[in-house]
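Here are a few exercises to work through with the sequence and the 3D view side by side. Try each task before you read its solution.

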Amino acid sequence: MPPKEEKKKKLQPFVSTIDPSRHAEALKDIEMRHAEDARLAELAAEEALEEECEEEEDEEYFEELLGNEDSAIVGRIDLAFPETIDEFANSELCYPPSYYTLSPKERLLLLYAENFRHQYIINNPNRRPLVLALPNECKVQKFVCTTIRPTAFLHVPLIRNAEECAKFVADFIIYEPLEDMMSFLNAQWDPLSCLDIRCL
């Protein structure tokens, strides 16, 4: 090939075979994914901030509602399950072991109760906190039973007789009002103990 023709061939303009719009759709998809990820991250950060603000508002609300330093622990169930065996096992009051100990079923029930109480506070921040377990006369937290079941009753005249029941309470039971009628109970005694000490 003569040198002139070689020069002409070298000087010919380069024609690209690459299509610039070939990857436009893929690039657009990538940009959209990045934008969606950024939006989701922003929403997650906003939700986390809202949860923190709600928790702070709940704490402030309960402190204002109850007006004392123990407001954070009102109704809270101690999941360490403390028992008072050393104090009441050989007491002169002769409490049965079920008063100062907790059975495995009672512990499980208290776990469920504390879980429910915690969820209730989160879902109902504007309501008064629940008290599902209170210390009994032996200072052991027991679940507050709200169910009624048939039971044997030895004093027949009181069965289905409102007047006899009222007379029994008026003559036998001494009513002791709470020190603060508007605050939560700090203990709940067993009915048998109330009969023993004749106080309600």
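**Exercise 1.** Is C138 buried or exposed?

*Solution.* Before we start: this is a predicted model, where local features need pLDDT of at least 70, side-chain atom pairs count only at pLDDT 80 or more, and totals for chains, interfaces and linings use all residues. Residues are numbered from 1 along each chain as its sequence is written, and side-chain values use heavy atoms, with hydrogens and water left out.

Step one is the yardstick: buried means under 20% relative accessible area, exposed over 50%, and partly exposed in between, using a 1.4 Å probe and protein chains only. Step two is the value: C138 has 0% relative accessibility, so it counts as buried. Now try another cysteine: C94 comes out at 62%, so C94 is exposed. Step three, look for disulfides, meaning pairs of cysteine sulfur atoms within 2.5 Å: the structure has zero.

**Exercise 2.** Which pattern of helices and strands does the protein chain follow?

*Solution.* Start with what counts: helices (H or I, at least four residues) and strands (E, at least two) are DSSP runs, numbered from the N terminus. The protein chain has seven helices and two strands. Put in sequence order, they read α-α-α-α-α-β-β-α-α. As for burial, 18% of the chain's 200 residues count as buried.

**Exercise 3.** What span should the 20 residues of α5 have, and how far apart are its end C-alpha atoms?

*Solution.* The expected span is 1.5 Å times one less than the number of residues. For α5 that gives 28 Å, and the end C-alpha atoms sit 29 Å apart, so the two agree.

Next, sort the residues of the helix. Buried in α5 are L110, A113, E114, R117, Y120 and I121. They cover an arc of only 125 degrees around the axis, which puts them on the same side of α5; the arc is that of the directions from the helix axis to the C-beta atoms. Here's the background: an α-helix has 3.6 residues a turn, so residues three or four places apart point the same way. Turned away from the buried side of α5 is a face with the exposed residues P104, K105, Y112, I122 and N123.

**Exercise 4.** Where is F81, and where is K139?

*Solution.* F81 is in the loop between α2 (24-66) and α3 (85-88), while K139 is in the loop between β1 and β2. Now check phi. Most residues other than glycine have a negative phi. F81 has a positive phi of about 50 degrees, and K139 has one of about 65 degrees. Finally, burial: F81 is buried at 12% relative accessibility, whereas K139 is exposed at 54%.

**Exercise 5.** How many residues line the second largest pocket?

*Solution.* A pocket is an open set of points on a 1 Å grid over the protein atoms alone, where a 1.4 Å probe fits, with protein on both sides within 12 Å along at least five of seven lines; lining residues have an atom within 4 Å of a point. The lining here has 19 residues, and K142, F143, C145, D190 and P191 lie nearest the centre. Among the elements that each supply at least two lining residues are α4 (97-100) and β2 (141-143).
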